[in-house]
There are 2 protein chains.
Amino acid sequence: MSDRPAYERGTGFLLSRLGSLAARSWAAFLAEHEVSPGQYAVLVVLNEQGPLGQVSLARSIAVDARNLVAVLDSLSERGLVGRAADPADGRRRVVSLTPAGKSLVDDLATAAARGQDDFLRALGTRDRDRFTDLLRRVYDSHTG
Amino acid sequence: MSDRPAYERGTGFLLSRLGSLAARSWAAFLAEHEVSPGQYAVLVVLNEQGPLGQVSLARSIAVDARNLVAVLDSLSERGLVGRAADPADGRRRVVSLTPAGKSLVDDLATAAARGQDDFLRALGTRDRDRFTDLLRRVYDSHTG
DNA sequence: TATTGTTATACTCTATAACTATA
DNA sequence: TATAGTTATAGAGTATAACAATA
């Protein structure tokens, strides 16, 4: 086990603190490519799941739909996503990835894989895979 | 492996996103006890490591020393920590936990252990232990 | 000159409230 | 009435710049 009282460094505490560190590191990496973490999350989800309405998109990235508006505005201005009115439902605006957006996601993802090495330097190759697997399972349980 | 392109959901992306979720959940729990995440982090570190100067303390919780000042002011006003001038170095102010602070940390840690169950519902008991261990190793590698 | 602690300020992320339009 | 999208605004968390006191 540990030489410290385990309850003081429970998973919630650790995940919250480490997540804060990771978010800073991640934002700094993305900033070099002039993309915010929220923008990248949108691009990734659209690339994986295809076009989505804004409410579905917001839930998929665990962001409030109100705060998604400005993110989509900025992505749209840069030509990375498009918003099209849904003919079947006048309220909906379907968001989709443009070819330029698709190209950017692929490039960033490749670069990001290299950038992670330093942050996870405490773990060996096998533990990194285990870690990523556990993270994904917990993450997916919260975003559906 | 996965049915999705693994590079898109690398560890940096997942940790940053999940950490954001965990931080919200964690802050909500602490708010019920009128404590902020930053305040709790200070209390935990002081409880583990004993009295510290503000620069050492800031590094231990991975927070900028400038942003630590207001946190310590609020904790001091509530009588949870004390700041004493260091006789050996006039610049330093040594921060230490008061009995009331120590008591609060212990109570919160016990309550937090119960509150984590829902957030980690996707993992079994053994995987939770593995997850916590991996988190701690990565976290410690960044905070010394 | 370097370090400790501090203030002021700005920027990002998130949350609260209220609104429009469509169903 | 319920839902999709939007706006305005306020609150945390963090980062940049500059400063005083001490080493």
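Tutor: Let's start with a term: a residue is near a DNA strand if one of its heavy atoms lies within 4 Å of it. Keep in mind that this is a predicted model.

Student: Fine. How many residues surround DNA strand D, and which are the closest?

Tutor: There are 17 residues around DNA strand D, and the closest are A:Ser20, A:Gln54, A:Val55, A:Arg93 and B:Arg66. Sugar and phosphate make up 65% of the strand D atoms that come within 4 Å of the protein.

Student: Which atoms of DNA strand D lie opposite the side chains of A:Ser20, B:Arg66 and B:Asn67?

Tutor: For A:Ser20, a phosphate oxygen of strand D sits 2.8 Å from an N or O atom of the side chain. With B:Arg66, the atom is a base nitrogen, 3.0 Å from a side-chain N or O atom. B:Asn67 also has a base nitrogen of strand D opposite its side chain, at 3.1 Å from an N or O atom. As for the elements that give two or more residues to this surface, chain A supplies helix H1 (11–31), helix H3 (54–60), helix H4 (65–77) and strand E3 (89–97), while chain B supplies helix H4 (65–77) and strand E3 (89–97).

Student: What classes of residue make up the surface near DNA strand D?

Tutor: Nine charged, five polar and three nonpolar residues.

Student: Now the other strand. Which residues come nearest to DNA strand C?

Tutor: Out of 16 residues around DNA strand C, the nearest are A:Arg66, B:Ser20, B:Gln54, B:Val55 and B:Arg93. Here sugar and phosphate account for 64% of the strand C atoms within 4 Å of the protein. You can look at individual pairs too. B:Ser20 has a side-chain N or O atom 2.9 Å from a phosphate oxygen of strand C, and for B:Arg93 the distance from a side-chain N or O atom to a phosphate oxygen is 2.2 Å. On the base side, the side chain of A:Asn67 places an N or O atom 3.0 Å from a base nitrogen of strand C. The elements giving two or more residues to this surface are H4 and E3 of chain A, plus helix H1 (11–31), helix H3 (54–60), H4 and E3 of chain B. By class, the surface near strand C has nine charged, four polar and three nonpolar residues.

Student: How should I read the relation between the two protein chains?

Tutor: Two copies of a chain are related by a rotation about an axis and a shift along it. Here, chain B superposes on chain A by a rotation of 180° with 0.0 Å of shift along the axis, at an RMSD of 0.1 Å. The two copies are therefore related as by a two-fold rotation axis.

Student: Which C-alpha of chain B is nearest the axis?

Tutor: That of B:Gly19, at 1.8 Å from the axis. The same surface serves both copies, too: 100% of the contact residues of chain B recur in chain A.

Student: Can we look at one residue between the chains? Where is B:Asp127, and why does it count as buried?

Tutor: B:Asp127 is in helix H6 (residues 125–143) of chain B. Buried means under 20% relative accessible area, and B:Asp127 counts as buried because its relative accessibility is 16%. Leaving out residues up to four places away in sequence, B:Asp127 touches A:Leu134 and A:Arg137. With A:Arg137 there is also a side-chain to side-chain polar contact of 2.8 Å.

Student: And the fold? What order do the strands take in the chain A sheet?

Tutor: Strands of a sheet pair through backbone hydrogen bonds, either parallel or antiparallel. In chain A, three strands form an open sheet in the order E1-E3-E2, with antiparallel pairing. Strand E1 (52–53) and strand E2 (81–86) are the edge strands, each pairing on one side only. E1(A) and E3(A) are joined by two bridges, and A:Leu52 has A:Val95 as its bridge partner in E3(A).

Student: What is the sheet in chain B like?

Tutor: Chain B has an open three-stranded sheet with the order E1-E3-E2 and antiparallel pairing. Its strands E1 (52–53) and E2 (81–86) stand at the edges with a single partner strand each, so one side of each has no neighbour in the sheet. B:Leu52 stands opposite B:Val95 in E3(B).

Student: How many helices and strands does chain A have?

Tutor: Six helices and three strands, in the pattern α-α-β-α-α-β-β-α-α along the sequence.

Key:
Residues are numbered from 1 along each chain as its sequence is written. Chains are lettered from A and ligands numbered from 1 in the order in which they are written. This is a predicted model: local features need pLDDT of at least 70, side-chain atom pairs count only at pLDDT 80 or more; totals for chains, interfaces and linings use all residues. Side-chain values use heavy atoms; hydrogens and water are left out. A polar contact is a pair of N or O atoms within 3.5 Å; within protein, one must be able to donate a hydrogen and the other to accept it, and residues adjacent in sequence count only if both atoms are side-chain atoms. Helices (H or I, at least four residues) and strands (E, at least two) are DSSP runs, numbered from the N terminus. Ala, Val, Leu, Ile, Met, Phe, Trp, Tyr, Cys and Pro count as nonpolar, Asp, Glu, Lys and Arg as charged, and the others, Gly among them, as polar. Buried means under 20% relative accessible area, exposed over 50%, partly exposed in between (1.4 Å probe, protein chains only). Contact means heavy atoms within 4.5 Å. Copies are superposed by least squares on the C-alpha atoms of residues with pLDDT of at least 70 in both. Two strands pair if DSSP finds at least two bridges between them.
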